[in-house]
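Colleague: I would like to learn how to read the features of a two-chain model one at a time, beginning with how a fold is held together along its sequence. Could you take me through one, giving the general idea before the particular case?

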Amino acid sequence: MVEHGDVGSGLVLSPLQEKALEAVLVQLAAKSSAALALLATRTGHYIASRGSRRDVDSAALASLVAADLAASTQITDLVDTSEAHTMILREGERYTMLIAEAGASMVLLVVASRDVPLGWIRMLVQGASQRMAEITRPAPGRHVPAMASVLPGGEFANLVGQAIDDLWTD
Amino acid sequence: MYINYARREITVKVVYYGPALGGKTTNLIQIHDHVADSQRSELISLKTAEDRTLFFDFLELQLGKIGGLTPRAQLYTVPGQARYEASRRLVLRGADGVVFVADSQLDRQEENLESWLGMRRHLSSYGIDSQGFPLVVQLNKRDLPGAVGVDLFRSTLSLNGDAPLFEAVAVDGRGVRESLRAIMERVVVRLRREISASAA
């Protein structure tokens, strides 16, 4: 099975796309009274989050959310029940947690109090994930800035290497 | 790779791959211990009750501002034990580079080879030819008596000169920074090349 583009290629967000995604996330967090609504790439890179619980390690959380979805998707593949629009539900004593695909490139986590009706959260997450997928779907005429305008030239690799050395403490 | 134009952030994913008990997690522990709290995340480990990696370890490094950009490196390990093949493939998804951590002990060369071939198979399943892919080989546990010679190791894995090889004693931190630096440089060079190609 070949999944072209999964390795070595990733999500590139324009400022307009980022703004649109954040607007959806803000609306989702408000309507669901979410303790946390977090958006990450399917490969575990943190994009944005909203909600009252912002005191979490977002980088670590993004990696775990992506891994959870990847594992769940693999499980469904193995038992031959693979379907689009995967959503994972975890019901705790105090919180409901939903993890959902948001298009081909992103994953959405919502953590809300058990007081909030599950059906309501599910509906909000489905709507938000579909809008997010639409925002990042490649479309003719959709402007993505030239990547060359962002990444510095020749010396960048050396500077990154030097930055690694500078991080190191004995 | 994830690029956010508005924030001028670029995040890359590096996976430490290799046979069981080869020192992948030790690499991340050493990096965690040698980098200030303010420039890294916590080390996340999904372990079994026996303290072995179940799914992955994770650590993010923030490299500060470079050329107006804020690069980040997300470091993952894979579980080395044979039964976690499916998990290894999942962790490789989206990787921008790989550090292959091999074991120097003579009786572990078969495991090195199996893991190496497995990695190439998984990369291939994602449509990636490992020849052009950023890859660094770390030959770990060089302090152990009877460690295999570098030439023998190279021939066992049919390594050509493309992938740099670092001798390491990860438990003491030796070779850890050098491997990390080398893979990050290669990842950035490849990104630059892809960017130039897409702009042409």
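Modeller: Let us begin with chain B, bearing in mind that this is a predicted model. Among the contacts in chain B with a separation of 6 or more, 69% are accounted for by residues 24 or more positions apart. Of the 200 residues of chain B, 52% count as buried.

Colleague: What radius of gyration does chain B have, and what would a compact globule with 200 residues have?

Modeller: A compact globule with 200 residues would have a radius of gyration near 16 Å, and chain B agrees with this because its own value is 16 Å. The C-alpha atoms of chain B fill a box of roughly 50 × 40 × 30 Å along the principal axes. As for its elements, chain B has 5 helices and 8 strands, and along the sequence they follow the pattern β-β-α-β-β-β-α-β-α-β-α-β-α.

Colleague: How should I read a sheet, and what is the strand order of the open sheet in chain A?

Modeller: Strands of a sheet pair through backbone hydrogen bonds, either parallel or antiparallel. In chain A an open sheet of 5 strands has the order β3-β2-β6-β5-β4, with antiparallel pairing. Because β3 (46–50) and β4 (87–91) of chain A each have a single partner strand, they stand at the edges, and one side of each is left without a neighbour in the sheet. From one strand to the next, the twist averages 10°.

Colleague: Which residues stand opposite each other where β4(A) and β5(A) pair?

Modeller: A:Leu89 stands opposite A:Leu98 in β5(A), and A:Glu91 stands opposite A:Thr96 in β5(A). These two strands, β4(A) and β5(A), form a hairpin with 3 residues between them, and 5 bridges join them in an antiparallel arrangement. On to the next pair: β5(A) and β6(A) run antiparallel and are joined by 8 bridges, with A:Ile99 opposite A:Leu109 in β6(A). In the hairpin of β5(A) and β6(A), A:Gly103 takes a positive phi near 80°.

Colleague: Why is β5(A) described as largely enclosed?

Modeller: The reason is that 6 of the 8 residues of β5(A) are buried, so the strand is largely enclosed by the rest of the structure.

Colleague: Which strands does each helix touch or lie across in chain A?

Modeller: α1(A) lies across β2 (36–41), β3 and β6 (106–113) of chain A, running at about 35° to β3(A). α2(A) packs on the sheet and touches β2, β3, β4, β5 and β6 of chain A, its direction making about 70° with that of β2(A).

Colleague: What is the general idea behind a nonpolar core, and how many residues has the largest one?

Modeller: In soluble globular proteins, nonpolar side chains tend to be buried together. Here the largest nonpolar core has 103 residues, and those with the most contacts inside it are A:Ala40, A:Val65, A:Leu108, A:Val110, B:Val15 and B:Phe100. Helix α2 (residues 58–78) of chain A gives the most to this core, with 9 residues. Leaving aside residues up to four places away in sequence, A:Leu108 touches several residues, including A:Leu39, A:Val125 and A:Met132.

Colleague: How many residues does each chain give to the contact between the chains?

Modeller: The contact takes 46 residues from chain A and 55 residues from chain B. On the side of chain A that touches chain B, α4(A) gives the most, with 9 residues, and the residues of that side divide into 28 nonpolar, 13 polar and 5 charged. Strands also pair between the chains: 3 bridges join β1(A) to strand β1 (residues 2–4) of chain B, and the two run parallel. A:Leu13 stands opposite B:Asn4 in β1(B).

How values were computed: Residues numbered from 1 in each chain as written. Chains lettered and ligands numbered in written order. Core = buried A, V, L, I, M, F, W, Y, C linked by C-beta atoms within 7 Å. Buried ≥ 20, exposed ≤ 12 C-beta atoms within 10 Å, placed from the backbone. Helix = DSSP H or I, 4+ residues; strand = E, 2+ residues; numbered from the N terminus. Contact = placed C-beta atoms within 7 Å. Nonpolar A, V, L, I, M, F, W, Y, C, P; charged D, E, K, R; others polar. Pairing = 2+ DSSP bridges. Rg over C-alpha atoms; globule rule 2.2 N^0.38 Å. Axes fitted to C-alpha atoms, helices over the stretch in contact; angles between N-to-C directions.
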